[in-house]
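Trainee: I have a structure open and would like to talk it through with you. Could we start with the metals and then move on to other parts?
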Amino acid sequence: MRANTWAGRNKVEVRDVPDPKILNKRDAIVRITSTAICGSDLHLVNGYVPTMQDGDVMGHEFMGEVIEVGPGVDPDRLRVGDRVVVPFPIACGACAACAAEMYSCCENSNPNAGIAEKMFGHPVAGIFGYSHLTGGFAGGQAQYARVPFADVGPLKIESDLSDEQVLFLSDILPTGYMGAEMCDIRPSDVVAVWGAGPVGQFAMDSARVLGAAKVIAIDKEPYRLEMAERAGYTPVNFEEVDVRSRLLELTGGRGPDKCIDAVGLEATHGSAHIAAYDRVKQAVRSETERPHALRQAIMSCRSGGVVSVIGVYGGLMDKFPAGAWMNRALTLRTGQCHVQRYMKPLLQRIERGEIDPTRIITHTMPLDEAERGFDIFKNKQDNCEKIVLKP
Amino acid sequence: MSLGLGVAQLAAPETVRRISGVDDSLTSRAVVPLVGARELVHAAGLLTSRRKSVWAWTRVAGDAMDLTALGMALAHRGGRRRRRLVGVTGAVVAITVLDLLTAVQATRTREIGSVPALRRSRKGGSMELTATTTIRKPASEVYAFWRDLENLPTFMAHLEQVRATGDRTSHWSAGAPFGTNVEWDAEIIDEAPGERIAWRSTGHADVPNSGTVRFVPAPDGVSTEVHVVLVYDIPGGAVGKAVAKYFGEEPHQQLDDDLRRLKQVLETGEVVRSDGAPWGKRARKEFPQRPAQPLSDAELAKGADA
Ligand SMILES: [Zn+2]
Ligand SMILES: [Zn+2]
C-alpha cells in the first residue's frame with residue numbers, strides 16, 4: 001500500500017509499504033477514505049518528539065471502512081463494512097484509566113510503556129503514527145491501517161454525514177472541546193484561546209457552545225485571525241500588540257476568566273533573543289519546550305481563573321511562572337484528549353448543526369501529495385489551516 | 001551550580017555583562033541571558049535525570065561554547081575590559097575542568113551502577129528483584145492465573161516453558177543468551193490461595209532461584225496489587241557470566257515489563273502488539289525496534305519460532 005512515512009528530521013516521504021495485518025484478536029483493518037495532517041505531526045517532523053524511525057507510517061486522524069476484523073472483535077460493536085472514525089489514542093476499555101474514561105492514559109495499549117515511563121514518570125496510551133514512545137503503531141496517512149481494540153474506540157457513522165463533517169472527531173474537535181470543557185465555563189466568562197490553528201478554532205467553537213460570553217483568539221497569522229473573526233471571535237495579533245495589555249483592555253482590567261493554550265511546545269515568539277535561545281537549547285540537546293504561550297496565559301489569566309492546556313508538551317520546561325500560578329490561585333488543567341469520551345456527544349452536536357467542523361478545511365489533496373501538503377501546512381503557505389488527504 | 005549561575009545571568013544580565021567586560025557588545029545582550037538559560041536547563045537535567053552522566057557531558061559542551069565565545073570577545077578587546085575578560089575566562093576554564101571531572105566521574109559511576117549483576121557475577125552472588133503492579137481483576141482470579149504455572153511464559157519474557165510435574169513441582173526452561181538454554185526444577189514451598197505463592201528451584205539448578213508473589217486487594221475494592229520478589233543466585237564461571245549478562249542489562253526493567261504484560265493478559269486477554277514491537281512478550285526483540293510497519297509473511301513465520 002501507499003503510506004506517508006517519516007524519513008528523518010524535516011522530511012516525510014510517500015512510499016510503498018506492506019499492507020497491515022491482524023496482530024491481536026481485537027484488531028480491525030480499516031480501508032482509509034479520509035485522513036488529515038495535524039499540527040502535532042509537525043512536532044514529529046521537526047524532530048521534537050524522540051524515538052521516530054525512518055519508515056514509520058505517520059498520521060493519527062483518519063476514518064474509513066472496516067474490511068477485516070480479528071476473531072476477538074465483538075460483532076455487536078463492529079463488523080466488516082462499518083464506516084468508522086478512529087480516535088487517535090488507542091484504549092483497551094478494561095484498565096483503571098479506561099474505566100475512569102481517561103482513555104489517553106490507558107495502561108495497556110502501549111507496548112513500549114517502559115520508554116514512556118522513563119520520560120513521563122508513568123506510561124501513556126499508544127497513539128497511531130506518533131513515535132515509538134507511544135507504542136510504535138503505524139499511522140493512518142495510508143491506504144489501510146490496523147486498529148487495535150477496534151470494538152472500544154472507533155465510532156460508527158450510520159448517517160449520511162460527509163467524511164469532512166466527521167473526520168475531525170478523531171482528534172482535533174474533541175481536543176478543542178476538552179480544552180473548553182476543562183475551563184468549567186460559566187455564562188459570564190471571557191475565554192482567551194492562544195493559537196488559532198485548527199485545535200484553537202475548535203476550542204473557540206466549543207467555548208461558545210458551552211456558553212462563554214466572549215471568546216478571544218490570539219495568533220500572529222492574519223488569515224487565521226480572520227477565520228476566527230468571521231466565526232464571531234475577537235482577534236488579537238501578538239506581533240502587533242502586547243498580548244497581556246490588550247487582554248486587560250478587553251476585560252476591564254481583570255484578565256480573561258479562562259485561558260486555553262492550544263499552541264504547545266513549538267510556540268513562536270517575535271523576539272530574536274528567544275529565537276536564538278531556542279537554537280542554543282537545541283545545540284546542547286536539552287528538552288525543547290518553548291512555553292511562551294503557556295507563560296503568557298498564566299501571567300494574563302484573572303486571579304482564581306483556569307488555564308487549560310491542550311497544546312502538546314514533550315519533556316522538561318524551564319522558567320515556569322510558578323509564582324503567578326500559586327499566588328493567584330490559578331487552576332492548571334491538561335491532558336491529551338480522551339477522545340473516546342467525547343465522540344458520540346460531539347457527533348450529535350454536528351448532527352444538530354451546533355458545530356460545523358468543515359469551516360477549517362482549506363486544502364484537500366491526494367495522499368500521494370502528502371509531502372507537498374506538509375510543506376504548505378508547516379510554512380503556513382496559501383492561507384493553509386487544515387489539509388485533508390484522500391488515499 | 002548551574003542553578004546559581006543561571007539565575008544570576010537571567011536576573012541580572014546587565015551586571016553579569018559589566019563584570020565580565022563584554023557590556024559594549026550588542027551580541028552579548030542576547031548571549032548572556034542565553035547562557036544563563038542554558039545553565040538552568042542543565043540544572044533541571046541534573047536534578048531530575050537518572051542519566052546524570054549525559055547531562056554532565058552537555059555541561060562540558062556548554063562550557064566549551066562559553067570559552068569559544070569568550071575567546072572571540074578577548075580577541076576584540078583591550079584595556080580594562082580585556083583584563084576583566086581574562087579574569088572571567090580563567091574562571092570559566094576552572095569551571096570547565098570541574099565539569100569535566102564531574103562528567104568523567106558520573107560516567108564511571110553509571111558504568112558500575114548499570115550492570116550490577118555482571119560485576120557480581122565474577123565472584124558469584126545473589127540478585128534480588130522486586131516489582132509491583134495493579135490489575136483490575138479480583139485477587140482470586142489473578143492468583144488462579146499465576147498458580148497455573150504453565151501460564152507464566154505468556155508474560156515472562158525470558159521463560160520458554162514451565163511444565164507442571166506434580167501438584168507442587170514443575171520444570172522450567174528459560175532462553176539464555178548465546179543460544180544456550182537454562183533448565184531447572186522448582187517446587188512451591190508456601191502458598192495461601194488468593195493471597196500468596198512462594199517457590200524455589202530444586203536439585204542442581206544452573207542458576208538457583210526463588211520467588212514470592214503476593215496478591216493484595218487494592219483500596220478501590222475492584223483491583224489486586226501484585227507484589228513480586230525474585231532472587232537469583234548468580235554462580236561464578238562461564239554460565240554465571242552469561243546469565244548475569246542476560247539479566248544484567250536492565251533486570252528491573254525486564255521484570256516491570258513482565259508485570260505489564262501480565263496485566264495486559266488478565267485485563268485484555270492477550271499481550272498487546274504494535275507494528276514496532278510485533279513479537280509481543282519477547283521483550284528483547286523490542287529493542288532496537290524496527291519502523292512501525294507491518295511484517296512480511298516471512299518475518300511472521302520467523303517470529304513464530306524465534
Ligand atoms: Zn492530531
Ligand atoms: Zn485501558
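Mentor: We will go through the metal sites, the cysteines, a record annotation and a sheet, in that order. Please keep in mind that this is a predicted model.

Trainee: Ok, which residues are the protein donors of the zinc ion (ligand 1)?
Mentor: That zinc ion (ligand 1) has A:Cys38 through SG, A:His60 through NE2, A:Glu61 through OE and A:Asp171 through OD as its protein donors, and they lie 1.7 to 2.7 Å from the ion. Along the sequence, these donor residues follow the spacing C-x21-H-E-x109-D.

Trainee: Where do A:His60 and A:Asp171 lie?
Mentor: A:His60 is in the loop between helix H1 (39–45) and strand S4 (62–69) of chain A, while A:Asp171 is in the loop between helix H4 (163–166) and helix H5 (172–181) of chain A, so the pair ties together parts that are 111 residues apart in sequence.

Trainee: And are those two buried or exposed?
Mentor: A:His60 counts as buried at 2% relative accessibility, and A:Asp171 counts as buried at 5%.

Trainee: Why is the arrangement around the zinc ion (ligand 1) irregular?
Mentor: The 4 donor atoms subtend angles of 77 to 139°, and because four donors count as tetrahedral only if all angles lie between 85 and 135 degrees, that label does not apply here.

Trainee: Now the other one: what are the donors of the zinc ion (ligand 2)?
Mentor: For the zinc ion (ligand 2), the protein donors are the SG atoms of A:Cys92, A:Cys95, A:Cys98 and A:Cys106, which lie 2.3 to 2.5 Å from the ion. Their spacing along the chain is C-x2-C-x2-C-x7-C, and the site is tetrahedral, with angles of 102 to 116° among its 4 donor atoms. Among these cysteines, A:Cys98 counts as buried at 4% relative accessibility, as does A:Cys106 at 2%.

Trainee: Switching to disulfides, how many does a search of the whole structure find?
Mentor: The search finds 0 disulfides over all chains.

Trainee: So why is there no bond at A:Cys337 or A:Cys384?
Mentor: For A:Cys337, the closest cysteine sulfur is in A:Cys105 and is 11 Å away, which is too far for a bond. For A:Cys384, the closest cysteine sulfur is in A:Cys38 at 12 Å, again too far for a bond. A:Cys337 counts as buried at 1% relative accessibility, and A:Cys384 counts as buried at 1% as well.

Trainee: What does UniProt place at residues 25–155 of chain A?
Mentor: The UniProt record, an unreviewed entry, places the feature "domain: Alcohol dehydrogenase-like N-terminal" there. In the model, that span is 15% helix and 24% strand, and its end C-alpha atoms lie 19 Å apart.

Trainee: Last topic, chain B: in what order do the 7 strands of the open sheet run?
Mentor: The order is S1-S7-S6-S5-S4-S3-S2 in chain B, with antiparallel pairing. Strand S1 (125–135) and strand S2 (159–164) of chain B stand at the edges with a single partner strand each, so one side of each is left without a neighbour in the sheet. On average, neighbouring strands of this sheet are turned by 20° against each other, direction ignored.

Trainee: Which strand pairs with S2(B), and over how many bridges?
Mentor: S2(B) pairs with strand S3 (residues 169–175) of chain B in the antiparallel sense, over 5 bridges. Within that pairing, B:Leu159 has B:Ala174 in S3(B) as its bridge partner, and B:Ala174 is buried, with a relative accessible area of 5%.

Definitions and conventions. Residues numbered from 1 in each chain as written. Chains lettered and ligands numbered in written order. Predicted model: local features only at pLDDT ≥ 70, side-chain atom pairs only at ≥ 80, totals over all residues. Heavy atoms only, no water. Disulfide = S-S within 2.5 Å. Buried < 20%, exposed > 50% of the residue type's maximum accessible area, 1.4 Å probe, protein only. Donors = N, O, S within 2.8 Å, 3.2 Å for Na, K, Ca; no water. Tetrahedral: all angles 85-135°; square planar, octahedral: opposite > 155°, others 65-115°. Helix = DSSP H or I, 4+ residues; strand = E, 2+ residues; numbered from the N terminus. UniProt positions renumbered as here; feature names shortened; annotations may be inferred. Pairing = 2+ DSSP bridges. Axes fitted to C-alpha atoms, helices over the stretch in contact; angles between N-to-C directions.
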